Amino acid sequence: MEKYVRITGTGSAAPNQVLTNADLEKMVDTSDKWITERSGIKERRIAPPGIVGSDLARDAALKTMEMAGIGPKEIDMIILATVCPDAPLPSTACLLQDKLGATNAAVMDIVAACSGFIYGLSIARSFILTGQMKNVLVIGVELLSRFTNWKDRNTCVLFGDGAGAAIVSPSGKPGGILDTYIKGDGSLAHLLQIPYGGTKVPLTVDNVCHDDRYIRMEGPEVFKAAVKAMGEAASAILERSGLRGEDIDLMIPHQANIRIIEATAKRIKLPMDRVYVNIHKYGNTSAASIPIALDEAVREGRIKSGDKIVLVAFGAGFTWGSALIEW
Ligand code: ACO
């Protein structure tokens, strides 16, 4: 059994259609200045009708498999993190498996909102370290545009669609995914939720037009919790391995708000030139945000062999977590 677990490929995909802050100015009472200053977002991608999460996931997965040099039959497991499944049943991972022809894979969806990719990496690493799986495809994919209230300026300026993926495999070479840290607090669920459409309040002819079928968020409360939890997750994983901020070559945070990212970097004393930021291009793509950023960082040459990378996320639930990687 191999002792180490490595990311051997990354990939991402986003719809072509761009929605800019100027476009949003025509839809709700907002401004490019407010959105840019309060969140750091300039534009986001929106999937056209007919495109579903498993389509974006397939595009991201194919690029990932190409980089890792493996075919669909070599994937032993697909872990797909999403809060926007193609349908309530079956899992989007099953639909993706069929689109890829990954017929040897065990398949599951996980729901951990914006922390989903880190939860997925943690599960993949555990299955590999116990010798049960070899090549695990971990995907974060979201079409939050389908659950966004386009009349609510508090939320509609923030979210976007996309997918990002990684192949995680056993390795004999020291390094790779050194540690993962995952946490949750369900007592604060009400601060960020889609209240209708589950078994608690099923959609009926009487409530199908209610705004509670969309994302509801108490923004400032979520902001405070995100700053606290992301700071905790970043410092805890460093502390556990005896590292300090100055030992980290690149932090790849969940892209929800540039001010949350800056506060997290400050907490571990990391200068912003060692933080990967692409929020201006995609907005908050929830579980897809970290793997999209990771893939861009890899393809731009921002990550080199031996670099120490911290991934850190926070999302609805609340959930939060981090991963420490030696590339
Ligand atoms: N345009 C103009 N004004 C706006 C807009 C907008 N798009 N949205 C809200 N406002 C107004 C509000 O109505 C409010 O006005 P009021 O004071 O008159 O009531 C005011 O702006 C609020 O402003 P701020 O206090 O400056 O808001 P804040 O600094 O908290 O920024 C934001 C708001 C961007 C939503 C921030 O709270 C945030 O990023 N929250 C966290 C989001 C997050 O991290 N989510 C993570 C998980 S997402 C997931 O899991 C799917």
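Here are three short exercises on the ligand site and the cysteines of this predicted model.

**Exercise 1: polar contacts.** Find which side chains put an N or O atom within 3.5 Å of a ligand N or O atom.

*Solution.*
- Start with the ligand oxygens: one is 2.8 Å from an N or O atom in the Arg38 side chain.
- Next, Arg259: an N or O atom of its side chain is 2.8 Å from an oxygen of the ligand.
- Then take the nitrogens: a ligand nitrogen is 3.5 Å from an N or O atom in the side chain of Trp34.
- Now check the cover: the ligand alone exposes 1000 Å², and the protein buries 74% of that.

**Exercise 2: the shell.** Work out where the residues around the ligand come from and what kind they are.

*Solution.*
- Count the shell: 24 residues surround the ligand, with Thr30, Arg38, Cys114, Asn257 and Arg259 the closest.
- Sort by type: you get 13 nonpolar, seven polar and four charged.
- Map onto helices: H2 (32-39), H6 (153-156), H7 (219-240) and H8 (258-267) each give at least two residues, and H7 has the largest share with four.
- Map onto domains: domain 1 (4-173) and domain 2 (178-326) each contribute at least three residues.

**Exercise 3: cysteines.** Decide whether Cys94 is in a disulfide or in none, then classify Cys94 and Cys114 as buried or partly exposed.

*Solution.*
- Recall that a disulfide is a covalent bond between two cysteine sulfurs.
- Search the whole structure: zero disulfides turn up.
- Look at Cys94: the nearest cysteine sulfur belongs to Cys84, 18 Å away, and Cys94 is in no disulfide.
- Classify Cys94: its relative accessible area is 28%, so it's partly exposed.
- Classify Cys114: with 10% relative accessibility, it counts as buried, since the cut-off is under 20%.

Conventions
Residues numbered from 1 in each chain as written. Predicted model: local features only at pLDDT ≥ 70, side-chain atom pairs only at ≥ 80, totals over all residues. Heavy atoms only, no water. Near = heavy atom within 4 Å. Polar contact = N/O pair within 3.5 Å; in protein donor to acceptor, adjacent residues only side chain to side chain. Areas by Shrake-Rupley, 256 points an atom, 1.4 Å probe, with all protein chains shown as cover. Nonpolar A, V, L, I, M, F, W, Y, C, P; charged D, E, K, R; others polar. Domains from an automatic or database assignment. Disulfide = S-S within 2.5 Å. Buried < 20%, exposed > 50% of the residue type's maximum accessible area, 1.4 Å probe, protein only.
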